[in-house]
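User: I'm new to reading protein structures. Could you walk me through one, feature by feature?

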Amino acid sequence: MSGPSGRSSLDMAFDAIDASLADAGLQPSQIDGIMFAEGLAGQVDADAFREHYGVHQDIWMSGDGGAFAQIATAPHAAWQAMQAGLATTIISVLGINWASQAKAGTGGPAQYHREHAIKANAEAVFGFLPQPVYYAHIARRHMIDFGTTAEQLGAIAVACRRHANGHPGAVMRDKPLSLRDYLASTPFIDPVRKEDCCLISDGAAAFIMVASEKAGDFPQPPVTVEGVGYGGAQERTFFAQEPQFTATPQGYAAPGAFAMAGIKPADVDVLTLYDPFTITALMQIEDMGFCAKGEGGAFVEGRALHFDGGGLPFNTHGGMLSHSYTLGASHVVELVRQLRGEAANQVPEARIGVHGGYSGSDAGCMVLRGGLN
């Protein structure tokens with residue numbers, strides 16, 4: 001993961017696929033399914049995979065993976081394909097080079113939001129752009145309604161930065177952040193500080209899915225998907241239409257995933273969340289049931305989110321705030337590493353991990369279990 005690399009998203013995605021294949025002890029010819037984020041440019045589809053590796057097998061393909069909410073629900077789509085006999089060994093992969101695009105002055109999330117017709121005509125003209133403006137409004141509303149403080153949002157940023165400082169692949173590995181540093185930083189869209197905002201990065205991540213009865217055939221300890229949930233929001237993709245600023249669709253996604261897995265929030269050993277802003281992470285923590293609505297600020301205070309803090313270990317690689325903006329893909333890789341016991345910031349005896357994917361308009365939740373060998 002890096003800042004501007006000058007590389008294409010495809011090049012980085014194939015690096016991630018190579019690493020996944022090596023980890024699983026597989027050859028490219030054994031992959032018969034591929035999932036990616038439909039709508040993102042430069043992703044690896046079946047044709048690109050075959051051309052790059054010089055293979056010729058049939059490959060089931062789905063755009064419902066790779067990133068956002070769909071990275072949490074990808075295992076369900078993969079399971080359906082396996083049940084239908086369409087694939088047996090499926091890889092989900094994302095490559096992104098938005099830092100390089102931003103340096104070149106083109107592409108990336110800012111351009112998408114600027115050029116979206118409804119946003120351009122109904123939001124931008126009123127100054128409701130770009131994304132930090134949206135979430136500054138949301139953070140302020142949370143503060144007004146529930147008494148959330150800057151120190152509480154800062155606790156999220158500090159936890160993620162500490163985890164990034166301990167992770168060899170994090171963009172912010174060598175840039176420590178204390179709560180004092182955070183509070184000394186001037187808000188640029190009040191109350192949002194730059195430390196409340198995610199990175200813009202180049203990077204890639206991939207993971208391989210097989211049926212559970214085959215998981216023991218591989219060299220690494222298996223991590224199983226125990227539950228998946230999905231929820232959509234009333235407000236769709238336009239923040240100016242939101243009737244309830246302080247909620248996320250995790251309120252719909254997480255309960256189903258937890259029920260399928262037979263767990264409660266208190267059973268979760270490590271949590272990763274799509275975290276474009278500190279307030280987004282705080283609201284998802286509330287909406288997933290780790291605390292009551294409005295109590296997220298108190299829940300995250302101090303060292304509660306640190307991997308060794310005795311609370312709820314959160315984004316133990318640094319998340320999008322401090323590891324990389326790989327749209328949730330690296331979050332899932334981190335969970336797998338935690339549940340194998342091989343993470344850089346290892347949570348002792350981690351057995352149950354949860355990832356919350358998010359896009360604003362929808363959310364996905366995935367429950368993983370390790371320690372099965």
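User: Let's start with E349: is this residue buried or exposed?

Analyst: Before we look, keep in mind that this is a predicted model. The idea is to look at relative accessibility: over 50% counts as exposed. E349 comes out at 67%, so it is exposed. You'll find E349 in the loop between α14 (329–340) and β7. Its phi is near 55 degrees, which is a positive value in a residue other than glycine.

User: Where does F68 lie, and what is its phi?

Analyst: F68 sits in the loop between β2 (60–62) and α3 (70–83). Its phi is near 55 degrees, again positive in a residue other than glycine. With a relative accessible area of 22%, F68 is partly exposed.

User: How do I check a helix, say α7?

Analyst: Start with the length. Each residue should add 1.5 Å, so the 16 residues of α7 (residues 131–146) should span 22 Å. The C-alpha atoms at its ends are 22 Å apart, which agrees. Just after α7 comes G147, with a positive phi near 80 degrees.

User: Which residues of α7 are buried?

Analyst: Here's the general idea: an α-helix has 3.6 residues a turn, so residues three or four places apart point the same way. In α7, the buried ones include Y135, I138, A139 and H142. P132, V133, Y134, A136 and M143 are buried as well.

User: What covers the buried residues of α7?

Analyst: Several elements do, among them the helices α5 (108–115), α6 (117–122), α8 (150–165) and α11 (278–287), plus the strand β7 (352–358). For a close-up, take I279: setting aside neighbours within four places in sequence, I279 is in contact with Y135, I138, A139, H142 and L153.

User: Which residues touch the most other members of the largest nonpolar core?

Analyst: That core has 85 residues, and the ones touching the most other members are I90, L271, I279, L327 and V354. There's also a second, separate core of 21 residues, including A16, L21, I34 and Y53.

User: Where are the cis peptide bonds?

Analyst: Look at omega. One cis bond joins L129 and P130, with omega about 5 degrees, and P130 is in the loop between α6 and α7. Another joins D190 and P191, where omega is about 10 degrees. P191 lies in the loop between α9 (179–184) and β4 (202–209).

User: What is the strand order in the open sheet of four strands?

Analyst: Read across it: β2-β1-β3-β4, with mixed pairing. β2 and β4 are the edge strands, since each pairs on one side only. Ignoring direction, neighbouring strands are turned by 15 degrees against each other on average. To see one pair up close, take β1 (residues 33–35) and β3 (residues 90–97), which run in the parallel sense over three bridges. There, G33 has I90 in β3 as its bridge partner. Helix α1 (residues 9–24) packs on the sheet and touches β3 and β4, its direction making about 35 degrees with that of β4.

User: Last one: which residues is G231 in contact with, leaving aside its neighbours within four places in sequence?

Analyst: Places far along the chain can still meet in space, as you'll see here. G231 is in strand β5 (residues 224–232), and its contacts are P249, Y252, A253, D362 and A363. Take D362: it is 131 residues from G231 along the chain, yet their C-alpha atoms are separated by 5.6 Å. G231 is also buried, with a relative accessible area of 4%.

Note on methods:
Residues numbered from 1 in each chain as written. Predicted model: local features only at pLDDT ≥ 70, side-chain atom pairs only at ≥ 80, totals over all residues. Heavy atoms only, no water. Helix = DSSP H or I, 4+ residues; strand = E, 2+ residues; numbered from the N terminus. Expected span 1.5 Å × (residues − 1). Buried < 20%, exposed > 50% of the residue type's maximum accessible area, 1.4 Å probe, protein only. Contact = heavy atoms within 4.5 Å. Core = buried A, V, L, I, M, F, W, Y, C linked by side-chain atoms within 4.5 Å. Pairing = 2+ DSSP bridges. Axes fitted to C-alpha atoms, helices over the stretch in contact; angles between N-to-C directions.
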